Amino acid sequence: MRNSAKEQSAEQPAPGWRRRLIHTLLYGRGVDRGAKSRARVGLAILAFVLGYGVIALRLVTLAAAPDAHNVRRVSADAVSTGRPDILDRNGNILATDLKAASLYGEPRKIIDVDEAVELLTAQLPDLDATEMRERLSSGKGFVWLKREISPPQQEAIHRLGIPGIGFLVENKRVYPNGAEVSHLLGHVNIDNQGIAGIERWLDKSGLADLHMAGFATDRLVKPIQLSVDLRVQHALRDELAQAREKYQAIAAAGLISDVNTGEVIAMVSLPDYDPNNPREANEPNRINRLTTGVYEMGSTFKALTLAMALDSGKVSLSSSFDARVPLHYGKFTIHDYHPQNRMLTVPEIFTYSSNIGAARLALSLGVDYHQAFLKKLGQLDRLRTELPESADPIVPKHWGEINTATIAFGHGLSVAPLQAVMAINAMMNGGLLIPPTFFKRTPEEAAAVATRVIKPETSEKMRYLMRLNTEKGTAAKADVAGYYIGGKTGTSEKVVNGRYSTSKLLNTFTAVLPADKPRYLLLIMLDEPKAIPETQGYATSGWNAVPAGAAVISRIAPLLGLQPRFDLPLSDRLILAKGG
Amino acid sequence: MMYWRLLNMSVVAGLVLVAAYAYDIKYQSTLRAERVAKLSEDLRQERDAVASLRAEWARLGNPRRIQALADRHLSLTPVNPSQYSDFGNLPERPPQIVQPTGSDPIEAIVSNPQDADIFTGSIDNWLPKVPNP
């Protein structure tokens, strides 16, 4: 306004057209200033009406709202996150929330700190008196004194009637099964936030946001159901614990997965920990070896090599390969553990577990083909599942012929065992690579995420080889009558100070049951088992991992609803003849 | 004039009535709100109690605990695969011939001496032995 007034006074002597021009430049052509000011007054009226309307509406809603202190009481309750219950596949509780009272103090309201400390330490002897005195004299508005006290303690402290001391009810996570399902479930911290395993996954997939928004304070969230079967998990853990003790192994791990859906039915890695006491979980020996550890899987990898060869079409079951002399590569020599010193057919390479044969098979197809095949099977990339813990496979930086030769029998490439299981599942189930999951999954859902990696006929031949290996190969001790098991052993030497040690072994055993119509795959892993008198001085997989696997199978097969069948024909008739 | 007074009186009376009614409604709603709060508090407590009972049940049903108890108190051994069978493997039930001569044919079937010494395999030690007539 002031501006335009100044302009007007300055333009006083200007002729009419100049004035019009300036008017046009300032206000636009043909603008009626009178109408404009009327519109402005109208706008002001509207703004006032709206403002008072909002105030009136707010008054009405305030009057209609329920009592404010009610709302406060609910939100003051349950400070730490409410979490959904976790159930196993049959609905058994694996993790649940209980309410526990926590003791807090409001230092500004406390009249006599010394008296309060004296009375409280009399009730809770494990409290540190000096620390408590410090906290209560800090002049803060709120301090925690002790989290999660028992109901009788709460009652006793309540009766003391100390001013400025109060309770908040919090959610406390409990795992009724203790260490049984430890690594898979993970655990939570004192504020009930998941920090490992499925618990961490829950937080990452939205629960934390829900809690921030103030919704997840009580039991509102639906329970989640895992693919794990508690009974099978227990049987596996029990047998592994026995095997670990018997063969004095540093560690033992086992995994059972559904071949056709990729669901993990049981996963045990010993030593484990009790999620109710998560402090143990930090010890490095207690990691989950199946997902966080990477290992050279040894002869188990021969299954992949043979499948690759059979699937290429260049090799058939009757092809034979030269295993007469050890294979030399510079200063490396590839030996056989059970040397036959003759030409071996493809099934013989598998049943005698011939390193030379497997190496020659892979070399006959070339380095690039081998690398591409393993890439397709997901063995060269980090496997991501719902569990946050995972590890990158250790892949040779420069992949030459020597690498292909050793990786063909499972040395020189370290993968997470869960990753290897995924690939072997694909070899067994008809050739579909299905990423593993810890949640329930139907075969249809599995088919949606599956990719075909080998032909169904190749998978049939692989099942024949696995079965043949239990009929007359290295896994003969695993043949639990009635379940038609197919299995492959693996004994790999661990690298100690940069060279392979002959005394420190990592033994694996992979079994598919039943071999003709595969449903489950079992992986057993023993880390550095020792030779004991019962095994006649041997420490290879066939003497420890295989009997342990057999014990597991005879316990879990009835739980998994596998019907024992007897008098089945040998594998060459039941599996191979059917495939044509 | 009379009309105005009457009108005023009635309006005042109406006002008192409406105020009383409004007060009553307010009072009732407060009562009910309190009841709702109390019930939802009860509900919450019940739910917490259910949760703690379920947790306790899960702890008691833990397979490891059951196994330890079974090892200590029972002389059972794990089931062998050869002990499983299905209904298809069961033999046909032998035909039973009952003479319809008696006065009560159903009674004759029930007390058929032919069945008296047949026990199912697994429980015969637990059944009281009935001496054959």
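How many Å separate the centres of domain 1 of chain A and domain 3 of chain A, taken over C-alpha atoms? In this predicted model, the separation of the two centres is 89 Å. The domain assignment of chain A places domain 1 at residues 1-44, domain 2 at residues 76-224 and domain 3 at residues 232-579.

Confidence was considered next. Chain A has a mean pLDDT of 84, with 91% of its residues at 70 or more. Within chain A, the lowest confidence falls on helix 4 (residues 68-76), where the mean is 44, while strand 6 of chain A has the highest, at 94. Two stretches of chain A may be singled out. The pLDDT is below 50 over residues 1-11 of chain A, a stretch that makes five contacts in the model beyond near neighbours in sequence. The pLDDT is likewise below 50 over residues 69-78 of chain A, for which 11 contacts beyond near neighbours in sequence are found in the model.

Chain A contains an open sheet of five strands, arranged in the order 7-6-18-17-16 with antiparallel pairing. Strand 7 (264-270) and strand 16 of chain A occupy the edges; each has a single partner strand, and therefore one side of each is left without a neighbour in the sheet. From one strand to the next, the twist averages 15 degrees.

The pairings may be followed from strand 7 of chain A, which runs antiparallel to strand 6 (residues 251-258) of chain A and is joined to it by six bridges. Within this pair, A:Ala253 has A:Ser269 in strand 7 of chain A as its bridge partner. Further along the sheet, strand 17 of chain A pairs with strand 18 (residues 520-527) of chain A in the antiparallel sense over eight bridges. These two strands form a hairpin with six residues between them. At the opposite edge from strand 7 in the strand order, strand 16 (residues 486-496) of chain A and strand 17 (residues 499-513) of chain A are antiparallel and share 10 bridges. The hairpin of strands 16 and 17 of chain A has two residues between the strands, and A:Asn497 in this hairpin adopts a positive phi near 50 degrees.

A:Ala511 provides a link between the two pairings of strand 17 of chain A. This residue stands opposite A:Gly487, and A:Ala511 also stands opposite A:Leu522 in strand 18 of chain A. A helix is also associated with this part of the sheet: helix 18 (residues 456-472) of chain A lies across strand 16 and strand 17 of chain A, and its direction makes an angle of about 80 degrees with strand 16 of chain A.

Several backbone features were found in loops of chain A. The peptide bond joining A:Leu270 and A:Pro271 is cis, with omega about -5 degrees. A:Pro271 is located in the loop between strand 7 and strand 8 (295-296) of chain A. A cis peptide bond also leads from A:Leu513 to A:Pro514, where omega is near -20 degrees. The loop that holds A:Pro514 lies between strand 17 and strand 18 of chain A.

Positive phi values occur at residues other than glycine. A:Ser353, which is not a glycine, has a positive phi of about 50 degrees. Its position is in the loop between helix 12 (346-351) and helix 13 (355-365) of chain A. A:Ser353 counts as buried because it has 27 C-beta neighbours inside 10 Å, the cut-off for burial being 20 or more. A:Tyr484, also not a glycine, has a positive phi of about 50 degrees, and is found in the loop between helix 18 and strand 16 of chain A. With 24 C-beta neighbours inside 10 Å, A:Tyr484 is therefore counted as buried.

The contacts between the two chains involve 21 residues of chain B and 28 residues of chain A. On the side of chain B that touches chain A, helix 1 (2-60) and helix 2 (63-73) of chain B each contribute at least two residues. Helix 1 of chain B gives the most to this side, with 11 residues. By residue class, the side of chain B that touches chain A comprises 10 nonpolar, four polar and seven charged residues.

Methods. Residues numbered from 1 in each chain as written. Chains lettered and ligands numbered in written order. Predicted model: local features only at pLDDT ≥ 70, side-chain atom pairs only at ≥ 80, totals over all residues. Pairing = 2+ DSSP bridges. Helix = DSSP H or I, 4+ residues; strand = E, 2+ residues; numbered from the N terminus. Axes fitted to C-alpha atoms, helices over the stretch in contact; angles between N-to-C directions. Contact = placed C-beta atoms within 7 Å. Nonpolar A, V, L, I, M, F, W, Y, C, P; charged D, E, K, R; others polar. Domains from an automatic or database assignment. pLDDT = per-residue confidence, 0-100. Buried ≥ 20, exposed ≤ 12 C-beta atoms within 10 Å, placed from the backbone.
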